[in-house]
Amino acid sequence: MWGRRAYGYFADMDDILLKYANMDVPRYTSYPTAAQFVDFPDTSLWEGWLGSLDKQASLSAYVHIPFCEKLCWYCGCHTSVPNGYDRATSYVDTLLKEIDQTAPLIATEHGNVSHFHFGGGTPTFLNGKDIGRIVDKIEEKMGLRDGAEVAIEIDPRTFSRKQGEELAQMGFNRASFGVQDFNLEVQKKINRVQPYEQVEKCVNELRDVGIPSVNFDLIYGLPAQTVESVIETAHQTAALNPSRVAVFGYAHVPWFKKHMKLIKEEDLPGTQERYEQALAISKALQEEGYIAVGLDHFVRPDDNMAHALKEGTLRRNFQGYTTDAADAMIGFGVSSISEFPQGFAQGGRDTLSWRNAVEAGRSPVGRGLEISKEDKMRAHIIERLMCDFEVDPVAIAKQHGFDQSTLMAAFDRLKALQTDGMVEMKGFIVSVPQDRKIFVRNIAQAFDAHYVQAPAKHSRAV
Ligand code: SF4
């Protein structure tokens, strides 16, 4: 039975595939996932992690800017629309204090930041002066390595050439932005109207001013989207030649993000349609010469992520698939997550508690998770599966000092997945068949010792 006969290659989902597609499973940008974080009694654990970093460790720095000009109704980020720029300036003042207070605790020598990422929200909500203050502070207190990747998320609706020139001058060499879908009807239904010409102008200006690497985010499963509209968007995207394209499924969680109530549920595509849209975008982008990377990335053959895939060095962290192989990631700003070999730590969950802590001279880190040796081993298996679609879990367990009996429950779950045709097993080697790659999160879940099946805890697999 075939779905989109006009396209001729989308098999209807049978009951087995539907079961997996409708499961709520983690995105596994970390293991254990943020759902397992607990409150920390104090900040000693986190401070100990900062102090135990190797002098020569490579670091990744992340700053979170929680402001946008206008709220997109599909948005799942930690952001808000402030009623004036003053809030942003005062946020940056506190952020600089947080860096001042944290940097002396980091044992790594100055000059070891290999990746520096501004995320949000819309970091370019900040003016050039405030972005510059943050860049200067990171450079002063932590120091960037030569050739470091310095990346920022921008909004093509508010981007100007002058802003691009300022960013290039400050050393930014990668910019990413949400395109989602070029179809005007879809854009209206998600409260984010940005015509193709506006995005094209933004991309051209970024390249003109010397920011060569541009990433796009696309989303499927949005209201009014169809297989036809996402294929059109994929071809329009390729015409602008971004280095990387990330494709995510829209997660409709109005009980968690109230503004999503503005999206009418009857306008949302069903599971079969979402599945077809995901496959259609993937096929169209690969036809345009993009290389599929992991579950949701597509990259130009000359992008460093394509090299990482080839060399087996692709990584996955809170920002998704990455070439960032840093030993630790240190986050600044509200809700930012830091990642260390020993575990995870999160700054204040809301701006008020984050600000109060920093202004009182305390670390805003209030929660996180210390990971066990077994967590580390499972994280390693899950990361390789998510990146390579093939893993030898027993070999990895041995590297971490465990024998295969630790993975008995995982192998039981894999047996069921194998019966359903979701995985292939050769001895202990687990591989995901080409036409089941979209379900890799379901397969990774077999190794998740913390997973609790509960509706609305995670996002739908497809
Ligand atoms: S611009 Fe980005 S972060 Fe801001 S509301 Fe829209 S999707 Fe969310």
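**Exercise 1. Determine how far apart the C-alpha centres of domain 1 and domain 2 lie, and describe the contact between these domains.**

Solution. The C-alpha centres of domain 1 and domain 2 are 28 Å apart. The contact draws on 10 residues from domain 1 and 14 residues from domain 2; two residues are in contact if their C-beta atoms, placed from the backbone, lie within 7 Å. On the side of domain 1 that touches domain 2, five residues are nonpolar, three polar and two charged. In this division Ala, Val, Leu, Ile, Met, Phe, Trp, Tyr, Cys and Pro count as nonpolar, Asp, Glu, Lys and Arg as charged, and the others, Gly among them, as polar. Domain 1 covers 31-331 and domain 2 covers 372-450, bounds that come from an automatic or database domain assignment.

This is a predicted model, in which local features need pLDDT of at least 70 and side-chain atom pairs count only at pLDDT 80 or more, while totals for chains, interfaces and linings use all residues. Residues are numbered from 1 along each chain as its sequence is written.

**Exercise 2. List the residues around the ligand and classify them.**

Solution. The shell consists of Cys 68, Leu 71, Cys 72, Cys 75, Cys 77, Thr 79, Gly 120, Gly 121, Thr 122, Asp 155 and Gly 178; a residue is near a molecule if its C-beta atom, placed from the backbone, lies within 6 Å of it. Sorted by type, the shell holds five nonpolar, five polar and one charged residue.

Two shell members also share an unusual bond. The peptide bond from Gly 120 to Gly 121 is cis, with omega near 25°. Gly 121 belongs to the loop between strand E4 (113-120) and helix H4 (128-141); helices (H or I, at least four residues) and strands (E, at least two) are DSSP runs, numbered from the N terminus.

**Exercise 3. Explain why the buried residues of H8 lie on the same side of the helix.**

Solution. Begin with the helix itself. H8 comprises residues 227-240, 14 in number, and reaches 20 Å from its first C-alpha to its last, close to the 20 Å expected; the expected span is 1.5 Å times one less than the number of residues.

Next, identify the buried positions. In H8 these are Val 227, Ser 229, Val 230, Thr 233, Ala 234 and Thr 237. They lie on the same side of H8 because they cover an arc of only 160° around the axis, the arc being that of the directions from the helix axis to the C-beta atoms. A residue is buried if 20 or more other C-beta atoms lie within 10 Å of its own, exposed if 12 or fewer, and partly exposed in between, with C-beta atoms placed from the backbone.

Then consider the packing partners. The buried residues of H8 pack against strand E6 (174-180), helix H6 (184-189), strand E7 (213-220), strand E8 (244-249) and helix H9 (271-287). Just after H8, Asn 241 adopts a positive phi of about 60°.

**Exercise 4. Carry out the corresponding analysis for the buried residues of H11.**

Solution. The buried residues of H11 are Trp 354, Arg 355, Ala 357 and Val 358. Their arc around the axis is only 165°, which puts them on the same side of H11. Helix H3 (86-102) is what the buried residues of H11 pack against. Just after H11, Gly 361 has a positive phi of about 85°.

The chain then reaches Val 365, in the loop between helix H11 (351-359) and strand E16 (367-370). Val 365 is buried, with 26 other C-beta atoms within 10 Å. Not counting residues up to four places away in sequence, Val 365 touches Phe 40, Thr 43, Trp 46, Ala 345, Gln 346 and Gly 347.

**Exercise 5. State where Gln 180 and Ser 335 are placed, and whether each counts as buried or partly exposed.**

Solution. Most residues other than glycine have a negative phi, and most peptide bonds are trans. Gln 180, not a glycine, has a positive phi of about 70°. Gln 180 is part of strand E6 and counts as buried because it has 23 C-beta neighbours inside 10 Å.

Ser 335, likewise not a glycine, has a positive phi of about 70°. Ser 335 is in the loop between strand E13 (328-332) and strand E14 (337-340), and its 19 C-beta neighbours inside 10 Å make it partly exposed.
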